[in-house]
Amino acid sequence: MSGPRIERVVTSGVFELDGGSWEVDNNIWLIGDDEEVVIVDAAHDEKAITDAVDGRNVVAVVCTHGHNDHVTVAPALAANLHAPVLLHPGDQELWEMTHPDEKFWPVRDGERIAVAGTELRVVHTPGHSPGSVCLYLPEAGALFSGDTLFSGGPGATGRSFSDFPTIVSSIRDRLLELPAATKVHTGHGDATTIGDEAPHLSDWIARGH
């Protein structure tokens with residue numbers, strides 16, 4: 001049996017926080033097989049994501065954190081694809097900024113999400129936001145890092161609900177312990193690996209946020 005398939009959909013829209021707005025391109029990840037998938041993040045464009053699902057059963061829509069650009073169309077996807085939205089409860093306040101009248105299912109550190117004969121492991125990595133999570137797929141040597149870790153360093157921590165020492169601790173203690181070959185599929189931009197990022201930890205700390 002072949003392993004799970006990883007597919008990327010890129011959508012464009014606006015990230016808004018603290019009175020500012022920024023044009024962004026988001027990576028949405030579909031993990032599964034020909035029968036079922038998990039959607040990682042729900043950014044901007046419901047149709048583009050639904051088209052990529054292509055009729056498969058959606059196990060869950062997992063939001064790596066509650067910033068508006070990662071949850072934009074989560075309730076719509078949930079309704080139309082008959083799937084739960086999963087989000088760490090630490091980001092309840094951020095979620096309510098975008099979807100004040102909608103609910104989500106809480107997901108917590110250590111939980112496992114079964115899909116296509118394998119399991120995604122939830123890793124709570126606060127810092128970019130209080131409820132940020134990554135999803136680790138050991139079978140594929142893959143990590144879906146949301147906005148916690150990018151090619152070049154940690155996600156931004158200069159806005160509300162974020163904290164630089166916390167994100168550094170999350171990356172150092174939870175992510176850099178993974179095998180060096182682990183491919184990091186990020187929330188924006190290009191992929192990287194744990195091995196490529198790990199040597200730069202001290203540089204990030206010296207640089208600050």
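**Exercise 1. Place helix α1 against the strands: which strands does α1 lie across, and at what angle does α1 run to β1?**

Solution. Start with the helix, residues 46-53. Helix α1 lies across β1, β2, β3 (36-40) and β4 (57-62). Then take the direction: α1 runs at about 170° to β1. Axes are lines fitted to C-alpha atoms, for helices over the stretch in contact, and angles run from 0 to 180 degrees between N-to-C directions. Helices (H or I, at least four residues) and strands (E, at least two) are DSSP runs, numbered from the N terminus.

This is a predicted model: local features need pLDDT of at least 70, side-chain atom pairs count only at pLDDT 80 or more, and totals for chains, interfaces and linings use all residues. Residues are numbered from 1 along each chain as its sequence is written, and side-chain values use heavy atoms, with hydrogens and water left out.

**Exercise 2. Give the strand order of the open sheet that holds β1, and find its edges.**

Solution. The order is β1-β2-β3-β4-β5-β6, with mixed pairing. Two strands pair if DSSP finds at least two bridges between them. Now the edges. β1 (5-17) and β6 (105-106) each have a single partner strand, so one side of each lacks a neighbour in the sheet. Next, the β1 pairing. β1 joins β2 (residues 20-32) in the antiparallel sense over 13 bridges. Phenylalanine 15 faces tryptophan 22 of β2.

**Exercise 3. Which residues have the most contacts inside the largest nonpolar core?**

Solution. Fix the term: a nonpolar core is a set of buried (under 20% relative accessible area, 1.4 Å probe, protein chains only) Ala, Val, Leu, Ile, Met, Phe, Trp, Tyr and Cys residues joined through side-chain atoms within 4.5 Å. The largest has 23 residues. Ile39, Val58, Val61 and Val85 lead in contacts inside it. β2, β3, α1, β4, α3 (74-81) and β5 (85-87) each supply at least two residues of this core. The largest share, 4 residues, comes from α3.

**Exercise 4. Describe how α1 packs on α3.**

Solution. The angle is about 40°, and the axes are 10 Å apart. That makes α1 oblique to α3, because angles under 35 degrees count as roughly parallel, over 145 as roughly antiparallel, 65 to 115 as roughly perpendicular and the rest as oblique. Last, the residues in contact (heavy atoms within 4.5 Å). α1 contributes Glu46, Ile49, Thr50 and Val53. α3 contributes Ala76, Leu77, Asn80 and Leu81.

Methods. Buried means under 20% relative accessible area, exposed over 50%, partly exposed in between (1.4 Å probe, protein chains only).
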